[in-house]
Amino acid sequence: MMRYFYPSQPTDGYRQVIGAGDGPEHTGLALLTLAAGKSYQATTKGEELVLVILSGTCTIKVGDCVYENLGGRPDVFSGKATSVYVPVGSTYEVSASAGQKVEVAVLSAKAERQFKPFVVRPEEVVTAHRGILNWQRDVHDIVTGNAEGKVDRIIVGETFSYPGQWSSYPSHKHDVYEPPYETMLEEIYFFKVKPSEGFGVQIMYSDDLSLREAYMIKDGDAAFLPRGYHPVASAPGFQVYYLWVMAGPHGRKLQPRDDQKLAWLQNLPAMLR
């Protein structure tokens, strides 16, 4: 039986949460937590990575490229992300700055073409407010269309849901290759909740309801979304954040297909103007 939900676990050093080939075919998620002054080194093989600094400050070295004093936000809710792209066939090292620990999400996608490493700084993150009424959220594109020609397959961003509201809504999916109407991209979510004792709900369903799942989201949980619609709800009083990584076998263009049972909701913005 396919596993969809990965509860939070304590992380000290590097921890692979979801690996490509272990359920997902194209994507993976690992977490790296380093105490002040500590470092971690690894080499990519058939994967490209995006290292998203969740909290703290660090220096990241990719091959001969050294990027110093990156990050700085105390948590994901306190500013835009700083991220580093690591190509296939590269050795990288993350070193936590003195005086504070650092938490980094290591997002991966199977890749073949090798590109150059680069940094996406907070001022380069593309932001958008989406939704109306009780399905509003802020979306931060980190490595999306802005990275076309600079990466092979990986797509990365962050979503900040509003307390008591829905996100990834009206429900959409991207599990069928039917251009130009829908693209095939599997996805992983990594969640943070503010305040951390709060919760949200991850829902997953298909048109025929052969997939019909719901999970209580707590701070630090993750979900694998191989198919179907996948809306997220935040409990009143709590903000739910999720970091997302997508990849698939047919390029990087994201063309989701909305649940047609909810299509009428798309008329509301014009009616409310």
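**Close-up views of a predicted model**

**Figure 1. The hairpin of β12 and β13.** Between the two strands of this hairpin lie 6 residues, and Gly131 takes a positive phi near 90° there. The model shown here and in the other views is predicted. Strand β12 covers residues 126-130, and 5 bridges join it to β13. The two strands run antiparallel. One position to look for is Val126, which stands opposite Asp141 in β13.

**Figure 2. β13 and its pairing with β14.** Strand β13 also pairs with β14, in the antiparallel sense, over 6 bridges. Within this pairing, Val139 has Thr159 of β14 as its bridge partner. β13 is mostly covered, since 6 of its 7 residues are buried.

**Figure 3. The largest pocket.** The space in this pocket amounts to about 620 Å³. Its lining is made up of 31 residues. Nearest the centre of the pocket lie Arg130, Arg137, His172, Leu254 and Pro256. Four strands are named as giving two or more residues to this lining: β13 (137-143), β14 (155-161), β19 (186-194) and β24 (239-247). The strands β13 and β14 of the previous view are thus seen again here. Sorted by class, the lining holds 14 nonpolar, 9 polar and 8 charged residues.

**Figure 4. The second largest pocket.** This pocket has a volume of about 190 Å³. It is lined by 13 residues, and Ser8, Gln9, Thr11, Glu103 and Lys192 are the closest to its centre. Strands β3 (27-34) and β19 each supply at least two residues of the lining. By class, the lining divides into 3 nonpolar, 6 polar and 4 charged residues.

**Figure 5. Thr57 and its surroundings.** Thr57 lies in strand β6, which covers residues 57-62. Is Thr57 buried or exposed? Thr57 counts as buried because its relative accessible area is 13%, and the cut-off for buried is under 20%. Leaving aside neighbours within four places in sequence, Thr57 is in contact with Asn69, Leu70, Gly71 and Gly72, and also with Ala96, Ser97, Gln100 and Val102. With Gln100 there is also a polar contact, made between the two side chains at 3.3 Å.

Technical notes
Residues numbered from 1 in each chain as written. Predicted model: local features only at pLDDT ≥ 70, side-chain atom pairs only at ≥ 80, totals over all residues. Heavy atoms only, no water. Buried < 20%, exposed > 50% of the residue type's maximum accessible area, 1.4 Å probe, protein only. Polar contact = N/O pair within 3.5 Å; in protein donor to acceptor, adjacent residues only side chain to side chain. Contact = heavy atoms within 4.5 Å. 1 Å grid on protein atoms, 1.4 Å probe; cavity = no way out; pocket = protein on both sides within 12 Å on 5 of 7 lines; lining within 4 Å. Points joined across faces, edges and corners; volume = space filled by probe spheres on them. Nonpolar A, V, L, I, M, F, W, Y, C, P; charged D, E, K, R; others polar. Pairing = 2+ DSSP bridges.
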